[in-house]
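Welcome, and let us take a walk through this structure together. Have the sequence and the coordinates open as you read.

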Amino acid sequence: MNLRKILLVIVVGVSLTSWGFTGAATQKLDLNKTLKQSSLTAQAETLTPTVTPQTKPQERPGDVPYVATPQPVVDAMLKVTKVGKNDMLYDLGSGDGRIVITAAKNYGTRGVGIDISPDRIKEANENAQKVGVSDRVRFIQQDLFNTDLSEATVVTLYLLPEVNLKLRTKLFQQLKPGTRIVSHAFDMGDWKPQQTLKVNGKTIYYWVIPENLPANLR
């Protein structure tokens with residue numbers, strides 16, 4: 001082999017070796033870059049907090065302070081209305097849910113609790129789960145004056161006299177004749193109850209929506 005061929009082989013070999021080293025180094029750098037990006041992505045996903053749906057903010061102050069109805073009064077309210085498994089009970093100002101939950105547990109009644117407070121709705125749902133009646137009841141955070149009551153066959157109340165009077169027109173407009181209404185502690189002005197009960201020193205008022213409203217109630 002002459003000197004020219006030897007020099008040519010050496011030059012080509014050096015070029016190939018240099019190219020191979022450079023290519024391997026580039027591949028290694030690309031791999032390191034990919035692994036680093038994957039690691040950063042994984043860390044970002046790990047650090048991203050899971051957003052848990054929150055109860056909506058209370059839209060306005062409640063109409064009445066929260067005071068729970070004593071359980072003996074709850075039992076008497078449900079007894080006077082003769083609730084059963086075919087009824088749909090609406091409790092307006094449902095608080096911890098005890099009226100709706102007791103009706104579902106003891107009578108198989110379907111029920112809806114309406115309360116403007118997110119804390120009360122959360123508490124009521126937790127209580128329903130503990131008792132095992134969540135399949136028959138639901139609790140809605142809503143202004144009771146914006147609630148459609150037309151599905152109800154029984155309505156329970158523990159509000160205040162002025163709130164009952166304000167609500168009365170809505171009850172007449174939306175409830176079907178024969179719908180039973182029971183109120184703990186407060187009446188509805190000149191709409192005379194069909195029954196008045198005393199339980200442990202507490203008063204219970206009971207009405208039924210008439211087929212035709214008396215002139216003084218129109």
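Where is the place of D143 among the strands and loops? The residue sits in the loop that runs between β3 (137–141) and β4 (154–157). Please keep in mind throughout that this is a predicted model. D143 has a relative accessibility of 7%, so it counts as buried, the cut-off being under 20%. Its side chain reaches the backbone nitrogen of F145 at 2.9 Å. Leaving aside residues up to four places away in sequence, D143 touches E59, R60 and I116.

With that starting point in hand, let us step back to the whole chain. The protein chain has five helices and seven strands. Read from the N terminus, the order of the elements is α-α-β-α-β-α-β-β-α-β-β-β. Of the 218 residues in the protein chain, 36% are buried. Contacts between residues at least 6 apart in sequence are also worth a look: 66% of them join residues at least 24 apart.

Helix α2 is a good next stop. The helix spans residues 71–81, and V73, V74, A76, M77, L78, V80 and T81 are buried in it. As background, an α-helix has 3.6 residues a turn, so residues three or four places apart point the same way. What covers the buried residues of α2? The cover includes β1 (88–92), α3, β4, β5 (180–184), β6 (195–199) and β7 (202–208). Just after the helix, K82 takes a positive phi of about 55°.

A little further on is G84, in the loop between α2 and β1. Is G84 buried or exposed? Its relative accessibility is 19%, and because the cut-off for buried is under 20%, G84 counts as buried. Not counting residues up to four places away in sequence, G84 touches Y107 and T109. Computed along the sequence, G84 and R110 are 26 residues apart, while their C-alpha atoms are 8.7 Å apart in space.

On the other side of α2 in sequence, V67 lies in the loop between α1 (3–47) and α2. V67 is partly exposed, with a relative accessible area of 46%. Its C-alpha atom is separated by 9.6 Å from that of D96, and the two residues are 29 residues apart along the chain.

Now for the open space in the model. The largest pocket has a volume of about 480 Å³. It is lined by 30 residues, and those closest to its centre are V64, P65, Y66, G93 and D115. Both α3 (98–107) and β2 (110–115) supply at least two residues each to this lining. Sorted by class, the lining of the largest pocket holds 14 nonpolar, eight polar and eight charged residues.

Finally, turn to the aromatic rings. A pair of aromatic rings is described by the distance of the centres and the angle of the planes. There are three aromatic pairs in the count. In one of them, the rings of Y205 and W207 have their centres 6.1 Å apart and their planes at 25°; planes under 30 degrees apart count as stacked, so this pair is stacked. Y205 and W207 are both buried. Which residues do the ring pairs link into a cluster? The members are F172, W191, Y205 and W207.

Definitions and conventions. Residues are numbered from 1 along each chain as its sequence is written. This is a predicted model: local features need pLDDT of at least 70, side-chain atom pairs count only at pLDDT 80 or more; totals for chains, interfaces and linings use all residues. Side-chain values use heavy atoms; hydrogens and water are left out. Helices (H or I, at least four residues) and strands (E, at least two) are DSSP runs, numbered from the N terminus. Buried means under 20% relative accessible area, exposed over 50%, partly exposed in between (1.4 Å probe, protein chains only). A polar contact is a pair of N or O atoms within 3.5 Å; within protein, one must be able to donate a hydrogen and the other to accept it, and residues adjacent in sequence count only if both atoms are side-chain atoms. Contact means heavy atoms within 4.5 Å. On a 1 Å grid over the protein atoms alone, a cavity is a set of points where a 1.4 Å probe fits but cannot get out, and a pocket is an open set with protein on both sides within 12 Å along at least five of seven lines; lining residues have an atom within 4 Å of a point. Grid points are joined across faces, edges and corners, and a volume is the space filled by probe spheres set on the points. Ala, Val, Leu, Ile, Met, Phe, Trp, Tyr, Cys and Pro count as nonpolar, Asp, Glu, Lys and Arg as charged, and the others, Gly among them, as polar. Rings of Phe, Tyr and Trp (its six-membered ring) pair if their centres lie within 6.5 Å; planes under 30 degrees apart count as stacked, over 60 as edge-to-face and the rest as tilted.
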